[in-house]
Amino acid sequence: MDQFLQHLLNGVILGGSYALLGIGLTLIFGIMYVVNFTHGELYSFGAYMVFGVVAALHGNFFVALFLAVALGAVLGAGIERSLLRPLRGTSIDTTMLVMIGAWIAMQNAEQLLWTGVAKAIRHPFPEAPLVIGPVSVSWIRIFVFAAAILLIAASHLLIRRTRLGTAMRATFQDRETAALMGVNIDAIHTVTFAFGSGLAAAAGALLGPVFVVFPTMGDLAALKAFAIVILGGMGNFLGATLGGLILGVVEEMGAGYISSGYRDAMGFLIIIVVLLFRPTGLFARAERVG
Amino acid sequence: MRRWPAWAWVAFLASIPLWVRNQYYLHVLINTGIFAVAAMSLNLLLGYTGQLSLGHVAFFGIGAYTSALVSLGFDLQLAAGYTFVFEPRPVWLGFLAGVAVAGLFGWLIGKLSFRVRGAYFVIVTVSFAEVVKLVALNWVDLTEGPMALNNIPPVTLSLPGLGELTFWKKEPNYYLVLAVCLLSYAVIRRLVQSRAGRAFIALRENEALAESVGVDVTRFLVLAAVISAAIAGAAGGLYAHYIKIVDPDIFLFIYTVVMVIMVVTGGKGTLLGPVVGAVIFGILPEILREVARPEVQWIIYGFIMILIVFFLPEGIVPAAASWRKARAASASPLGAAGERA
Amino acid sequence: MLVVEGLVCRYGKVNAVRELSLRVEEGELVTLIGANGAGKTTTLKAISGLLRPAAGRIVFEGAEIQAASPRAILGRGIAHCPEGRRVFPYLTVQENLEMGSYLRRDPAGAAEDMGRIFRRFPVLEERRRQAAGTLSGGEQQMLAIGRALMSRPRLILFDEPSLGLAPNLVETTFDIIREIRNQGVTVLMVEQNAYAALEMADRSYLIEAGAVALEGRGRELLGNPYVKQAYLGG
Amino acid sequence: MSAPAAVLAVEGVEVRFGGLVALSDLSFIVREGEVASLIGPNGAGKTTAFNVITGFLRPAKGAVRYRESLLNGLRPSQVAERGVVRTFQKTSVFGGIPVFENVLIGLHRRGRAKSWEILLALPRVRQEEKRLREEAMELLSFAGLAHRREEPGAALPYGEQRLLEVAVAMAADPSLLLLDEPVSGMNPSETAGFMKMVEKIRGRGITILLVEHDMRMVMGVSDRVVVLNQGRIIAEGPPAEIQRDPDVIRAYLGQGAKRAGG
């Protein structure tokens, strides 16, 4: 039982960051109909930025986090302007191919820049875990979870409660009519992609210090993000959050009770099962972005 | 592209080992041939049915592992104390088993994704490939995991009158790969120029209209997936018995990307496109190897993919065809009619 | 107020509109009639900036707008109430109306206008927190019209406002459009219900194959034997 | 005088989208060999009825029968197997491939070659292929598109695309052809040409169910007209009667029968 609680706690904590990874992707798919294969690279970009600022520049950890997210958003805006805008209106397959090309190029650029050696990021939190009754959790993980929840809540408010968020949702529901309302569709596209990219970078920046940082870390992250998005239903904001939490818990339970080798297979099995029975996602009826 | 008649091309390809004596060049050509088979198989799904399979390397790897395991034999610890022993079988049987098992997984994927198209199909196939990779890594009993399957026997054929023939050298392997290439090309050509192939194209062009005139789209998508996976499995089998070692890295996503680049560059939905793409991207790395590290090479691949989509979205083969048509039209006093004559 | 000259619009290689010219004077109610695919909707989209014309000029109050963005054109005072109502289905009624005033920088004025729209269409106020997709066809039409009014336009383009509405609602909709015109807003309307479109219009254009085939006072066209034969069912 | 037997029977069909009722209790029949038209305001449920008949939508209640078989529950390709083929309201061709190939795909049902026979290149596969190509040419001539055979479907002008749609549908060997607003967007002379085409199709013994707003077309080619409004039938009868029916005038044709859909 204690072991079960520990796995559950680990799963929820991990799921918080997964949710962060998933909402960025689901937002981009939902509004832009772009399957963002660079999502994983923006994730590892965030992690490397933190590593670079902390290790190479001896910068403050929290400043590094902020910089990573901001630069991730800028990079995302650049990708949108240079690769996606010229292809707007072409088929989803066309943009998919371009995004795959960008993914390969970005990943190997990272490999070239940072080498394949995995790196650990130093963080200012105490090593000794927090023990609550039968379960324990490290301070850095608590911080990551809290930050993820905070970012998700802030994103939710932005999407739900602001004029910009309403315009984003309107664009998602009907691009042409949104243009008729005076929404600058180009700007919304760039901002949305930058926003989703910033969230991906944030996930990487937060999880980098928990795990280690290496150039291909984004591959699994991206694939997991896809699992989360499918689980929650493409474009479904709350669904992605719940999907992230579910994936986190399932992985921890799977690793704990089945085999740690298959931990990473859980997400894909979920994808396959969900698509088999509910192609629109588990939460198709729940509240959606739009 | 095809100034020469088909038999002249075959004769030319068959003559290569007679005048290319450099073993390394032959090795490059064999690799290129294996990739050409894989790219052709991907093209059947991507080019003809319009479904982007981003897990195609899974079928390749399944073919390689199956073929290797059948010819090596393996033991499995089943329940407590009981061990299932599989004796080594002839290589040709392993090869056929590889084709069959890959085809079976193709059927599974086709069935599984009967309701999903586009982005969802892509994600199902990527996920499938990842699961297969993790199984290859973790089912150590069967696959030796990261230790790899070693000493895979080369292809052996016993021909009546010729005795036993074992494919140790480059030359026989070249002919073997060439034969499989030609056979795959013939199978795909026959298929896409038939009623079945038209059903694939109908699915790509307009699914609702296809259904409304009586094309059972799901059935034909499954058929395309099975044949595509089986041919990819054949390529995997060739690879296993030529390289003689198979490890889970065979499932690396990057190999799927290479196949996609080959198909898209050459021209998806054309018969020759994937072959042209495979020749370019089979030989390009050998040129780039001299000047660039692997990472740089991959970065170049990524940029090529982007540039192709931006500037040559149809691919080389269709572009060359329309270029020739335009040139013929301007050169001939009859105008465009000259091309048809 | 609005002058369209030699308008050409293409989708790919297909000319949807070829050399179309028309004009709308301040305070007029002008209608475009013609078969589906004749180019009426394309013309409206070119005016509101959704489509970039291949050739021709569109002049609104003396300024050329054929190259302007929908945003800039809306800013000049042209609102477009698109075909099929196109309310944002997952936004609430109130959010839909807020989208109508997206460009406005006077929150007080916008709020006042929203109040006016709620008074004119009380059913929208009752449902202000409801997702627009759950409204009935008639209610959605009122919301779409209200949303277009939220930008305080001087010219409204209506695209097939009667489409898919029950006949009594069609009458209501046309009454609302007349009312809008009577309050001083100029109206350019595309309508497949040719009889109604001709009857209520000051002037009408008959569009065929992407160009103006006939032009005249609405009632004149009603009596035209060709129009009778081709568009009024004989 | 005995009317020909009913071949298609739509019986008490109800369709819901989410909570919305798009069709409620729709019933009508189509008789052997006739041209029947379904008219009514946009949104009255005509296209929805087409989608139900051809298997693109499943009704919440009711049944669709064609000759001996029950159509509801079948997939579109299975409905086509039974001889019921439709065209689409929005022009729908295989845009990226030549016109000739469009028709060849339409001939899918007339081919019998199995996958393994194709792979073995049996002689009968080759013979069948030759026969299909001849039939495709014949259909293209029928639709007056023979001169366009090598052009991609999407490159054809609007009117010819609509003819191609009909040629593709005819290739599927229908005994009942459903046409969804085939002349919308055509000018009067194109419409007249299409009306001749409908007569030719009917001359081949094919029953036709038509949805159309163009009253000249409807009144010119129909034997019988069914008027739908808000998912229900409000009138049914020969064109001349329908034009005078006060309910139809009020709901669809307009006051004093002057206001017809244009």
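This note walks through three interfaces and a few single residues in a predicted model.

1. **Where chain A meets chain B.** A good place to begin is the contact between chain A and chain B. Here 39 residues of chain A are in contact with 37 residues of chain B. Together the two chains bury about 3300 Å², and carbon and sulfur atoms account for 83% of that area. When you look for charged pairs across this interface, the rule finds 0 salt bridges. The search for residue pairs in polar contact, with both residues at pLDDT 80 or more, also gives 0.

2. **Which parts of chain A take part.** Four helices of chain A give two or more residues each to the side that touches chain B: helix 3 (61-84), helix 4 (92-114), helix 9 (217-232) and helix 11 (265-277). The largest share, 16 residues, comes from helix 4 of chain A. Sorted by class, this side of chain A has 31 nonpolar, 6 polar and 2 charged residues. If you are colouring the model, helix 4 of chain A, with the largest share of this side, is a handy landmark.

3. **Where chain D meets chain B.** Chain B also touches chain D, with 36 residues of chain D in contact with 27 residues of chain B. The area buried between chain D and chain B is about 2500 Å², and carbon and sulfur atoms give 61% of it. There are 2 salt bridges between chain D and chain B. For a pair to look up, try Arg75(D) and Asp216(B), whose side chains meet in a salt bridge with an N to O distance of 3.1 Å. The count of residue pairs in polar contact between these chains, both residues at pLDDT 80 or more, is 10.

4. **Which parts of chain D take part.** On the side of chain D that touches chain B, at least two residues come from each of helix 2, strand 6 (84-86), helix 3 (99-106), helix 4, helix 5 and helix 6 of chain D. By class, that side of chain D holds 19 nonpolar, 8 polar and 9 charged residues.

5. **Two domains inside chain D.** The domain assignment splits chain D into domain 1 (6-93 + 169-260) and domain 2 (96-155). Note that domain 1 of chain D is written as two stretches of sequence, 6-93 and 169-260. The C-alpha centres of the two domains of chain D lie 29 Å apart.

6. **How those domains touch.** Across this boundary, 12 residues of domain 1 of chain D are in contact with 11 residues of domain 2 of chain D. The buried area is about 1100 Å², with 54% from carbon and sulfur atoms. The rule finds 2 salt bridges across the interface of the two domains of chain D, and Arg110(D) forms a salt bridge with Asp173(D), where the closest N and O atoms are 3.8 Å apart. Polar contacts between the two domains of chain D number 9 residue pairs, both residues at pLDDT 80 or more.

7. **The domain 1 side of that boundary.** Helix 2 (76-81), helix 6 (158-171) and helix 7 (188-203) of chain D each supply at least two residues of the side of domain 1 that touches domain 2. Helix 7 of chain D gives the largest share of that side, 3 residues. The classes on this side of domain 1 of chain D are 7 nonpolar, 1 polar and 4 charged residues.

8. **Two residues with a positive phi.** Most residues other than glycine have a negative phi. Asn151(B) has a positive phi near 55° and is not a glycine. You will find Asn151(B) in the loop between helix 6 (140-143) and strand 3 (156-159) of chain B. Is Asn151(B) buried or exposed? Asn151(B) is exposed, because its relative accessible area is 69%, and the cut-off for exposed is over 50%. Ala121(D), also not a glycine, has a positive phi of about 55°. Ala121(D) lies in the loop between helix 4 (115-120) and helix 5 (123-142) of chain D, and is partly exposed, with a relative accessible area of 21%.

9. **A proline in a helix of chain B.** Pro172(B) lies in helix 7 (residues 170-192) of chain B. With a relative accessible area of 24%, Pro172(B) is partly exposed. Pro172(B) and Val155(B) are 17 residues apart in sequence, and their C-alpha atoms are 9.6 Å apart in space.

Technical notes. Residues are numbered from 1 along each chain as its sequence is written. Chains are lettered from A and ligands numbered from 1 in the order in which they are written. This is a predicted model: local features need pLDDT of at least 70, side-chain atom pairs count only at pLDDT 80 or more; totals for chains, interfaces and linings use all residues. Side-chain values use heavy atoms; hydrogens and water are left out. Buried means under 20% relative accessible area, exposed over 50%, partly exposed in between (1.4 Å probe, protein chains only). Domain bounds come from an automatic or database domain assignment. Contact means heavy atoms within 4.5 Å. Buried area is the accessible area (1.4 Å probe) that two parts lose on being put together, summed over both. A salt bridge is a side-chain nitrogen of Lys or Arg within 4 Å of a carboxyl oxygen of Asp or Glu. A polar contact is a pair of N or O atoms within 3.5 Å; within protein, one must be able to donate a hydrogen and the other to accept it, and residues adjacent in sequence count only if both atoms are side-chain atoms. Ala, Val, Leu, Ile, Met, Phe, Trp, Tyr, Cys and Pro count as nonpolar, Asp, Glu, Lys and Arg as charged, and the others, Gly among them, as polar.
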